[in-house]
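Okay, everyone, let's get going. I'd like to talk about cysteines today, and about the sheet around them. Have a look at this one.

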Amino acid sequence: MIPCSPQPRSVLRKQAPLLSSMAAALSRALKLPGKKSSELGEYDPLTQADSEDDSEEDDLVLNYPRNGLGRGSCLGPGATDSRGSRTRLGEEEELEEEEEEEERGRGRGMGTGLRQDGAGGGAGPGQVGDPEGKKARVRGAIRTAAFLLPLACATLIVLLCAFLVPCRHHPQWETQLGDAGGVTSPPLALWDVDGDGKEDLLIAVTKISNSSQPISSLGTSKEYSVVALHGVSGEMIWSRSVKEPVFSIQCGLQTVAAEDFVAQRENPPPVCLLITPSCLTAINASSGKKLWKVRAGEVESRAVAVPNLQGDAVPDLLIAALPADQNSDLSLVLHSGLDGSLIGQPVNFTLTAQGKLIGPLLHETAAGAYYILFGLGTVEAISLRDIYRKATGRIPLPPSLSLRDPLWEKQRKTNQSILHIYSGSEPAEYLLPLVAGVCNNHNNLDPRSNRNSSRSDWVLLNSNSRISIIRERDTHNAWTVNSSAIHSRPAVGHFNDDGVPDLLIQQSANGVRKVQIIDGARGVCVWEAEFVCPRLVLEGSSILTTGGQSVFLFWAGDPLPPSRNATKVSTSEPVLRRLFLLHPAYPTILQQLISTTDTALTATVSYQEVHKDASYVVVLSRPVSGLGLGAQVVKSLSVRASLTSALTVRLGQDSKASGPLTPTAFQINKLFKQLSFRQ
């Protein structure tokens, strides 16, 4: 092997900057440590360039320290040429060995010390630190295992929960409960009875007994019960038998002072109130067990939660009943919310008009005074303090009844306790609060429901299908709209973005169902469409979206063209009924969620805050073979899941609506895919 000829010192000095940059690049590539001391054999190009020994300079440039070993660690003195040649010929092999050695020694705690010992004593890698290196490797392996084992367990648990454990979110379920008694709507209530944070369903059920005796006019062969169904899966939670048919189920009743549970950091048990024609029964909603039961005469209405009247920190109840004497028309009766006992005596009223029972409803004025709205074909109001005083005869009033409202008291006539709000020529049919989302089946007794529904304006619908808005501040009409053939309660929701709830009304005549939306602020029609009449009477529903507007749901037949000439439309048998969803963003587009030949009896909307979804729960009467009664079927469907497979129906271009008339399929899918709901 030909030795390298030595270079003059002047040439080396000129090449020093170049050698310095090359050595620095090579050091960075091999991840060598920085300069610590010249005794350790570290490379310093300027120092090496000034050396007297030219061969030593070449040796220092080409033979940088490896693994902490000095220049003479392996070859000994006088082998400069052979080392340089070996370095040039085996550079790739040494680089691979260096990377492998660095990877093996990366976790060692003695690496720096080994390099220093090798540089000072000239010992090889097999002579220094071998037992210590093995111990370090063992410790490193133990630490790695201790880190990876919990990580693997956590990953396994996450995968198990995410993919293997079945989710209880059922987009749709259906169950059969008892027999449908014609077209009578069974009472419903929504409440979380099992504590999972999701609303469950309570429903009254009627079954024909298996007795061989014929059905008598007294109904002795019928079995009555109340059933609680899981809101997500439809599974039965509990069932409770009752002796009389239940015509009202209301939840959220408070039977224990809330302060007691706050002190114990516990949630009060859910309590529901069952109302039959002669009794009030409070039950534990989690188990269906009876808490208390009282006789209440001939009950005619649902219960109204009123402020605490007895100083027990529990809200009390007010109901309407038929009076015991024949000279009066109606009685308002107070009951304790704690145990159902009677507070005082019934307060009887003689009303001049006769008609459908209105209320009773609680209203809290802006001044904080409480009034009860009620009537028979009329709308009357009486102060709650006057009812309490007449029922108990007590002069000292509870603190909750100490206020009066001067604006409301101006409506009172001399020597009369009743305020006349509406007594027109056409009897009143419906009175409901102008609150979005409130429907016939959302009439619970919890403070939140009372607060939302007792501080708003009121919607009045009379028998001549005239709709009026009664302002709560002075009981005067804000506007009135004349319509025709309205057979169900209006649905309240937000069609536009003015902040005032709007009304969805349904009219039926000559085989045609006309659906309209009335602006709540001005009383003008902002949307309408005509359909084949579905031959059912069921109020619509509204669901509030996270964007602030509402979607409206209603039942109808096939859409009719706007330019039809016929004044009467005939329907074929069987009648196909469709559930449509209307979004204000695209008023010429309807989404058909389901279609069925069953008869819808009643419906409600349940919210699911976790999924930002809502479920439409409907009770159907399904025909069966033979002459027997139809089956009562409860069906629940997720609105968001139903929209993914819904049928898009385009209405006529001259429908009363504003906004884009012909949205594309992409725009429609994007809107409903991003749709979410809130309560």
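So, which residue in E8 does Cys272 stand opposite? Keep in mind that this is a predicted model. The partner is Ile283: Cys272 stands opposite Ile283 in E8. The two strands here are E7, where Cys272 sits, and E8, which covers residues 279–284. E7 and E8 run antiparallel to each other and pair over five bridges.

Now zoom out to the sheet. There are four strands, it's an open sheet, and the order is E6-E7-E8-E9 with antiparallel pairing. At the edges you've got E6 and E9, the latter being 290–295, and each of them pairs on one side only. Going from one strand to the next, the twist averages 15°.

Back to the cysteines. If you search the whole structure, one disulfide turns up, and that's Cys251 with Cys272, the sulfur atoms sitting 2.1 Å apart. For the geometry people: the angle about the S-S bond is 95°, and the link is right-handed. What does it connect? Cys251 is in strand E6, residues 248–251, and Cys272 is in strand E7, residues 271–275, so the disulfide ties together parts that are 21 residues apart in sequence.

Buried or exposed, those two, Cys251 and Cys272? Both Cys251 and Cys272 are buried. A couple of other cysteines to click on: Cys279 is buried at a relative accessible area of 4%, and Cys533 is buried too, with 14%.

That's my bit, over to you.

Conventions:
Residues numbered from 1 in each chain as written. Predicted model: local features only at pLDDT ≥ 70, side-chain atom pairs only at ≥ 80, totals over all residues. Heavy atoms only, no water. Disulfide = S-S within 2.5 Å. Buried < 20%, exposed > 50% of the residue type's maximum accessible area, 1.4 Å probe, protein only. Pairing = 2+ DSSP bridges. Axes fitted to C-alpha atoms, helices over the stretch in contact; angles between N-to-C directions.
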